[in-house]
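Trainee: I would like to go through this model term by term. Can you hold each value against its rule?

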Amino acid sequence: MAIKVTIPTALRRFANGQATVEVAGATISEVLGNLTTEHAQLRQHLYSEDGKLRNFVRVYVNDEDIRVRGDDTPVNDGDEISIVPSIAGGNLAKLDPIIKDRAKLTNEEIKRYSRHLILPEVGMEGQERLKAAKVLLIGSGGLGSPIALYLTAAGIGTIGMVDFDTVDFSNLQRQIIHFTGDVGKHKLLSAAEKLKAINPNLNFIPHPVKLTSGNALDIIKDYDLVLDGTDNFPTRYLVNDACVMLKKPNVYGSIFRWEGMASVFAPHLGGPCYRCWYPEPPPPGLVPSCAEGGVLGVICGIIGNIQANEAVKLIIGKGKPLMGRLLRFDAMDMSFREYKIPRDPNCPVCGKNPTVTKLIDYNQFCGIGRGEEGGTSGDSIVEQKDEGLGPDDISVETLKQMRDRKEDFLLVDVRNPDEFEISVIEGSTKLPLPELAQRFKELPKDKLIVLHCKSGGRSGRALKFLRQQGYPKLKNVAGGINAWAERIDPNVPQY
Amino acid sequence: MKITRQALQQIHAHLESGYPNEACGVLLGKDGVVTEGAPATNERTDSAHNRYLITYAQKDIQNDADRRGLEVIGYYHSHPDVPARPSQFDLEHAIPWPGISYLIVSVCKGKAVESNSWRLRDDRSAFDQEPVEISA
């Protein structure tokens, strides 16, 4: 029985220039065996030395890949066999180092970095690139702390840091660059002291400002790489957009409760950007901040160091960057999962026809205005507090007066039960926000209801919900129980 | 590699339309001159922005070329936003058969900006660049 075999163009020279060859055989392996006996030169191109078909060679009987049924499958008269090479490629496997310059090491530095220098992937070349690198850290909080400490130790020559905040007691559980004695000190001052103590050669550039649409491009433009350690959406989108526009890789990390995520965004290197993944922010309040939901301090070290690790790889141009991939860490399961993030051709920032070509108002974009919590925790860069009272807000001072005058109102605490254990305003009714939708009918409609939470965000959302349910008289305590503790009752702890 | 202006323009248009993903296809022609690019579906849907794969599409492309008296001269693919030189991955996955041209087009911000052609060395150790001669 003669079977028609189609030979790929590149191999026809080994089959007397024929496009198709008629070969006898009852099974696929017989046909291919006879083919390569008749045209011996074909053999080495189709088979490896162990006698197996080379892994890129595909053989089809009519339309079916023989790997489906095996090469002992019988063939019948009229069947056609096609030999086809599979071709693959791609552009990301080998990344050039993003740092082209090299800064010579001193003898003291050679000693300091000896464990890097004997690592073949780093070596003198890589270490000199690290020294030449200028890296910007957005935030000196939970993620910024380990990133700064490790990158300084690793020999990064220049580290810039953006933060406007001062060290607070509640930072110390995770922001390990700051010590107890630093409470009250500007975070950048505190960070500079530690980093300089690790490596006096470090060129540390403080940016003691809030990162805004007005200054972001100017600050970021002088750096080679950005590590985003913010905990709020407006700054995250701001950093993303600025980095896309300036063609700077953006090493992203985020943490919440017992989970963390990390990725590398760099459309100019072929990967996606943050907006390819999340084109728009979640509605304000849907994703709680760490100040609302809590975070295990240890997670910051894990995720921050993944970011530092990716920064080093990008700088020395080794390994496979965490680009187009999102790594998600679950501390309770102690498991890592990887998700693909494809580039979005219609991405408003890095797509074919970008609609966002200059920085925008990111607070507005994220729906954050008065009465919403923009993240007042230590990590946050976009600060919302002290911007005055909204129409539904009352200050803690007003609340105090209303209580002193024994006015008729109901004070409702919408925090989670765990938080009631930390602090409480005496006489409040406890109704956690997650239970509000089921239990709101417990609240009277004819009475003024004054809502509070930790700092005003969740109670603001509770107010909106109750208004939708037809409650006419509602107020929100601006600054929440923490403002109460700070300004009215020093016996109540702040957290 | 010899290629007609029209074929190069057609290939550029195909690769630009695939941006920001990698697009790929087969170079077809006659007497060693590429006269057209046969677009192939990128089978790497999982990672289309930085990988391409053509397997079964080639069977139909090859059969169609045979019917029309054309030969497969090589393969083309885009490198979105990165230079038009083969990556390590390209090297590891090239077909180690003789005489195949690999055209790589750098597509930056959706525009084809650079087209280079490469041949794999017999020992698969590297690619060598070959001139791209454009004919009318």
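Trainee: What makes a residue part of the contact, and how many come from each chain?

Mentor: Contact means heavy atoms within 4.5 Å. By that rule chain A gives 46 residues and chain B gives 43 residues. This is a predicted model, where local features need pLDDT of at least 70, side-chain atom pairs count only at pLDDT 80 or more, and totals for chains, interfaces and linings use all residues. Residues are numbered from 1 along each chain as its sequence is written, chains are lettered from A and ligands numbered from 1 in the order in which they are written, and side-chain values use heavy atoms, with hydrogens and water left out.

Trainee: What area is buried between chain A and chain B?

Mentor: Buried area is the accessible area (1.4 Å probe) that two parts lose on being put together, summed over both. Here that comes to about 3700 Å². Carbon and sulfur atoms give 58% of it.

Trainee: Which three residues supply the most of what chain A buries against chain B?

Mentor: I87(A), N91(A) and R343(A). Together they supply 19% of that area, more than any other three residues.

Trainee: Why is the meeting of R343(A) and D81(B) called a salt bridge?

Mentor: The rule asks for a side-chain nitrogen of Lys or Arg within 4 Å of a carboxyl oxygen of Asp or Glu. The R343(A) to D81(B) distance is 2.7 Å, N to O, so the pair qualifies. Across the interface of chain A and chain B the rule finds two salt bridges.

Trainee: What counts as a helix or a strand, and how many of each are in chain A?

Mentor: Both are DSSP runs, numbered from the N terminus: helices are H or I with at least four residues, strands are E with at least two. Chain A has 19 helices and 19 strands. Chain B has three helices and nine strands. Along the sequence chain B reads β-α-β-β-β-α-β-α-β-β-β-β.

Trainee: How do you know which strands of the five-stranded open sheet in chain A stand at the edges?

Mentor: Look at pairing: two strands pair if DSSP finds at least two bridges between them. The order is β2-β1-β5-β3-β4 in chain A, with mixed pairing. β2 (20-24) and β4 (64-65) of chain A each have a single partner strand, so one side of each lacks a neighbour in the sheet.

Trainee: What makes β3(A) and β4(A) a pair?

Mentor: Two bridges join β3 (residues 57-61) of chain A to β4(A), and the rule asks for at least two, so they pair. They run antiparallel. V61(A) has E64(A) as its bridge partner, and Y60(A) has D65(A). The two strands form a hairpin with two residues between them. In its turn, N62(A) has a positive phi of about 55 degrees.

Trainee: Which helix of chain A packs on this sheet?

Mentor: Helix α1 (residues 28-38) of chain A, which touches β1 (2-6), β2, β3 and β5 (80-85) of chain A. Its direction makes about 115 degrees with that of β2(A). Axes are lines fitted to C-alpha atoms, for helices over the stretch in contact, and angles run from 0 to 180 degrees between N-to-C directions.

Trainee: What does chain B add to the packing on the sheet?

Mentor: Helix α2 (residues 57-67) of chain B touches β1, β3 and β5 of chain A. The angle with β5(A) is about 110 degrees.

Trainee: How do you know that β3(A) is largely enclosed?

Mentor: Buried means under 20% relative accessible area, exposed over 50%, partly exposed in between (1.4 Å probe, protein chains only). Five of the five residues of β3(A) are buried, so the rest of the structure largely encloses the strand. V57(A), V59(A) and V61(A) lie on one side, R58(A) and Y60(A) on the other. Five bridges join β3(A) to β5(A), again antiparallel. R58(A) stands opposite V84(A) there.

Trainee: Why is α19(A) also described as largely enclosed?

Mentor: Six of its eight residues are buried, so the description fits α19(A). Among them are I481(A) and W484(A). The cover includes α15 (396-404), β18 (448-452) and β19 (474-477) of chain A.
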